[in-house]
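Visitor: I would like to go through this structure with you and ask why things are called what they are called. Could you show it to me?

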Amino acid sequence: MKTSGRRLRVAWAFGVAAAFLVAATLASALVGAADLNPLATANAMLDHIPLVHLPSSLSPLDRAVLFQIRLPRIVVGLMVGGLLSVAGAGYQGVFRNPLVDSGMLGASAGAGLGATLAIAYLSGSHGPFGAGPGVVPVAAFAGSLAGVAIAYLAGAAGGSGPATLLLAGVAVGLFLTGVQTFILQRSAQDLQQVYSWLLGSLSGATWQQAAEIGPYAAVSVTIVLLHGRHLDVLSVGDEEARALGLHPGRIRLIVIAACALAAASAVAVSGLIGFVGIVVPHVVRRLAGTSYRLVLPLSLLAGAGFLVLADTLARTVLSPAELPIGVVTALVGAPVFVWILRSTAAVRT
Amino acid sequence: MSAIKVAELSVDLDRVPVLHAVSCAVASGGWLALIGPNGAGKTTLLRAVAGLLPHRGTILLDGADIGALRGRRRARLIAYVPQAPVLPPDMTVREYVLLGRTPHLGYLGSPSRHDRGTAAAAAERLDVARFADRRLGSLSGGERQRAVLARALAQEPGVLLLDEPTSDLDIGHQQQVLELVDDLRRSRGVTVLSTLHDLTQAGQYAGELVLLHAGRIEAAGAAAAVLTENLITRVYAAHVTVGTDPGGRPVVTPVRAIEP
């Protein structure tokens, strides 16, 4: 009896998350500067599902808007949101700390420095690559991974405990941000471009971006999802996890590497988007309990939906101007976060 | 069959020697209690047997060196309950007890029906099944201790290592937990190696006592041989009298040295 009740609850949580994702996707496809007919849009999208053939009255121009502008942006948004949320949840498990985000361990700072270097010296107004986005994603991706690697090596030198690693991450992050600020000061003409990158945006999303980060996303998410049970065991502490036959250091390294890859993939195409990696896993925990075997996959679904919804707001609220998506996630995320903390405290006491 | 033999065991913590060539043994299905003042090395000895500390000397489990056992294999044979286990406050009792099945799962495996059944039986055995869906943070001291023992039992170990299993419990719950452990020992042949602060209880439940002092064995043997006024006064710098209970076992009573 009890077991079936628990299954029902799990199925319900997955159902809610999936419904949220689908609703966010549809809403985002329908809303925007070009006024698309909802029914025709839905038909045109469904027509692309194998074995489904639906006539759609969408004009060629509207089809172009849908398939070349909105849909790639939605797909990249789904990927970025899912990646950031899974990475955040994974880090929270590894560090046994609910306030850890996907940008931890020097990831955001490394990406920021990488992008700044690329903009200032390679692709900026004076760089050999000329103005344009080409080299920035690669630099951000590499910078993000390098930031985590440096933080991990620095932390591991002092024993591989989670607290030491976190502190090393903070130190490395501050250092990299310092270097970034120094570079920015010396190339003030690129300030605007760097700043808009730092705030995050999906406005340049293309199918090609989705295809480029796809393999990294698939590998990293798969690895993190496979370690949900190990993260549950780690929640009783390193010593007891070892007494249960686990190697906490090894698991921490694997999950950190996978989370770093996930976050770097997201950062490469979206810039720095905060709060997603903290808020989404917490909302999921409120819905489905704390087991990482559920928190990780549910964060993937809910995070994907959340980011697409945030991006829809970002591009419609001040239309035709766009808000940086980082501003939206912070404006929505921070109050939600405070609400979660308050209601969680109420449950505990 | 899970006999433990510790020979010439030395352990350093942070380069400070904590145990000096300690030797002791427990027969399969026996109960050995480690006693001694704070800092004598009781917990260190327990952690070394659990395979959690680098050491010199040998620790044999049924003749096999536990240092040579891989993590999961060792964890299937030995369950370790620290003095202050980490209990994630939002985890349910059911999820927590199921963690005991970890050593029986492959790296990417997930708990099978059999694993869930074994965990449920362990929860039933320690009377925590009634509140399997409650969160650990909401349990009382006695309930927590039983949940932790249920997790250890779900491991289906041959050896149970218990570090102060009765700390933080009132006298009634202390006796309840110790009776449960003794019952597991009798009914399943589990070998118990525990530290105990309460000397009288140590004598009542353990077949053999080892008195540690500053990392060395001061005395070992049956309760009557170890729990003497002389030894306790010297090792603990305490003032006690030792009487006997109706079963003929020693009763250690603290006395106030200077009456006010």
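Here is a talk about one sheet, some strand pairs and a chain contact.

Guide: Welcome! Please keep in mind that this is a predicted model.

Visitor: What makes β6(B) and β7(B) a pair of strands?

Guide: Pairing takes at least two bridges. Four bridges join β6(B) to β7(B), residues 159–163, so the two count as paired, and they run parallel. One link to look for is Val81(B), whose bridge partner in β7(B) is Leu162(B).

Visitor: Why are β6 and β10 of chain B called edge strands?

Guide: The six-stranded open sheet has the order β6-β7-β8-β3-β9-β10 in chain B, with mixed pairing. Each of β6 (78–81) and β10 (216–221) pairs on one side only. From one strand to the next, the twist averages 15°.

Visitor: How do you know that β4(B) and β5(B) pair?

Guide: They share two bridges, and at least two are needed, so β4(B) and β5(B) pair, in the antiparallel sense. Leu61(B) has Ala64(B) as its bridge partner in β5(B). Two residues lie between the strands of this hairpin, where Asp62(B) takes a positive phi near 50°. β4(B) also pairs with β1(B), antiparallel over five bridges, and there Val6(B) is partnered with Ile59(B).

Visitor: What counts as touching between chains A and B?

Guide: C-beta atoms, placed from the backbone, must lie within 7 Å. In this sense 18 residues of chain A are in contact with 20 of chain B. On the chain A side, α10(A) gives the most, with four residues. That side divides into six nonpolar, six polar and six charged residues.

Conventions
Residues numbered from 1 in each chain as written. Chains lettered and ligands numbered in written order. Predicted model: local features only at pLDDT ≥ 70, side-chain atom pairs only at ≥ 80, totals over all residues. Contact = placed C-beta atoms within 7 Å. Nonpolar A, V, L, I, M, F, W, Y, C, P; charged D, E, K, R; others polar. Axes fitted to C-alpha atoms, helices over the stretch in contact; angles between N-to-C directions.
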